[in-house]
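Here's a quick tour of a protein model, written for someone who likes cut-offs spelled out. Have the viewer open as you read.

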Amino acid sequence: MGNDSYSIYQIKETDEARGVRFEPLERLKATGGAVDHGNYDLVYGGPLEGEIQTPAQRLEAIYQRFNVDHPMDFAGHSLSVSDVVVLRLRGEVTAHYVDRFGFAEVPEFLDGPYLYYATQRPVDIGTFPKTDGGPVRIENYDARVPVEDGAFVAWGCLTYSAPLAEKQAQNYELRPAINNPDLLRVPPRQLHARVQAVGRWEQAGNMPEARRTTEQRPGHNDFRVKASSAQWLVNLAFRRVQGKQARAAQKKPIAAQLAEGAEQAAKENAARLVPDKSEKKPEKDDR
């Protein structure tokens, strides 16, 4: 019960997504559309507390609340057709489309696209894994730029239709986007590490108790998620911690930045393909 939570997703305010906003599921699929996670923004979330209820009862209660009695800090529109509610109940994660009459489960919402950032070098041959899931799209930026609301910097990004294994991402120094669907299922060990990072950050900044997402466990040196908080809030706070650390790193002395630049250049040179000396060179054409 303590980890049960919900998240509400609404379609982005973009021209590309205009054609699928407020569409009933049947009509959306009839026109070749899909419930694509990439079209949505996370707008709200919170813990599921109180008596144990069925998923249908939970969804109905959420629908009533976000149509009749909006929370004060809710900035989205009333829960409407085409919105998606993600439930985390007793360790199971499910996604539900707000349809014309009731909800329809949409497991595809929890699948791709999966975005990974190239943090150490521009995307080139040999700098990313090839899998059954792609990459289906590759993008190089004009320079190393801040991404994820300034949480870190990247040279480019790759899109896959299925998530990479953690080892694959590490081997190629790729960093997953914070909004990837698989991050809806953050493993307990990874969540614990995030809670500790956020807890230390909130404590060091003397954040007011009312604004904290974590609390120190009585008689221990570690932190836990506050009872009035939800795991997704910790994930958002963790992104802010990353952003603060990235900005601090950019303020390093010039000498340290030059040394890091030289090390980066060496890595990029090593990543380039080395010609196979065993191959026979083509003969010159003297014509």
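What follows goes from the whole chain to its sheets, its cores and a few odd backbone spots.

## Ground rules and overall picture

This is a predicted model, where local features need pLDDT of at least 70, side-chain atom pairs count only at pLDDT 80 or more, and totals for chains, interfaces and linings use all residues. Residues are numbered from 1 along each chain as its sequence is written, and side-chain values use heavy atoms, with hydrogens and water left out.

The protein chain has 6 helices and 11 strands; helices (H or I, at least four residues) and strands (E, at least two) are DSSP runs, numbered from the N terminus. Out of 287 residues, 38% are buried, where buried means under 20% relative accessible area, exposed over 50%, and partly exposed in between (1.4 Å probe, protein chains only). About 17500 Å² of the protein chain is exposed, with carbon and sulfur atoms supplying 51% of that area; the areas come from the Shrake-Rupley method with a 1.4 Å probe, and for residues only the protein chains shown count as cover.

How far apart in sequence are the contacting residues? Taking contacts between residues at least 6 apart, 66% join residues at least 24 apart; contact means heavy atoms within 4.5 Å.

## The five-stranded sheet

One open sheet has 5 strands in the order β2-β1-β3-β4-β5, with antiparallel pairing. Two strands pair if DSSP finds at least two bridges between them. At the edges sit β2 (40–47) and β5 (103–105), each pairing on one side only. Neighbouring strands here are turned by 25° against each other on average, direction ignored. For angles, axes are lines fitted to C-alpha atoms (for helices, over the stretch in contact), and values run from 0 to 180 degrees between N-to-C directions.

Zooming in, β1 and β2 are joined antiparallel over 7 bridges, and Tyr 9 has Leu 42 in β2 as its bridge partner. Helix α2 lies across β1, β2, β3, β4 (92–98) and β5, and runs at about 135° to β3.

## The four-stranded sheet

The other sheet to look at is open too, with 4 strands in the order β7-β8-β6-β9 and antiparallel pairing. Its edges are β7 (137–147) and β9 (174–176); each has a single partner strand, so one side of each is left without a neighbour in the sheet. The twist from one strand to the next averages 30°.

Strand β6 (residues 114–118) runs antiparallel to β9, with 3 bridges between them. Tyr 117 has Arg 175 in β9 as its bridge partner.

## Nonpolar cores

Nonpolar side chains tend to be buried together in soluble globular proteins. A nonpolar core here is a set of buried Ala, Val, Leu, Ile, Met, Phe, Trp, Tyr and Cys residues joined through side-chain atoms within 4.5 Å. The largest one has 17 residues, and Val 35, Tyr 40, Val 84, Tyr 97 and Phe 109 have the most contacts inside it. Two or more residues come from each of β1, α1, β3 and β4, with β4 giving the most, 3 residues.

Val 35 is a good place to start clicking: beyond its neighbours within four places in sequence, its contacts include Leu 25, Leu 28, Tyr 40, Val 84, Tyr 97 and Phe 109. There is also a second, separate core of 13 residues, including Phe 66, Val 85, Leu 87 and Val 98.

## Loops and backbone oddities

Most residues other than glycine have a negative phi, and most peptide bonds are trans. Which way does phi go at Phe 22 and Ser 82? Phe 22 has a positive phi of about 65°, and Ser 82 has a positive phi of about 95°. Phe 22 is in the loop between β1 (5–11) and α1 (25–30) and is partly exposed at 42% relative accessibility. Ser 82 belongs to the loop between α2 (55–68) and β3 (84–89) and is buried, with a relative accessible area of 1%. There's a cis peptide bond as well, joining Gly 134 and Pro 135 with omega about 20°; Pro 135 is in the loop between β6 and β7.

Val 20 sits in the loop between β1 and α1 and counts as buried at 19% relative accessibility. Leaving out neighbours within four places in sequence, Val 20 contacts Ile 11, Leu 28, Asn 39 and Ser 82. Over in the loop between β10 (214–216) and β11 (223–225) is Asp 222, which is buried at 18% relative accessibility.
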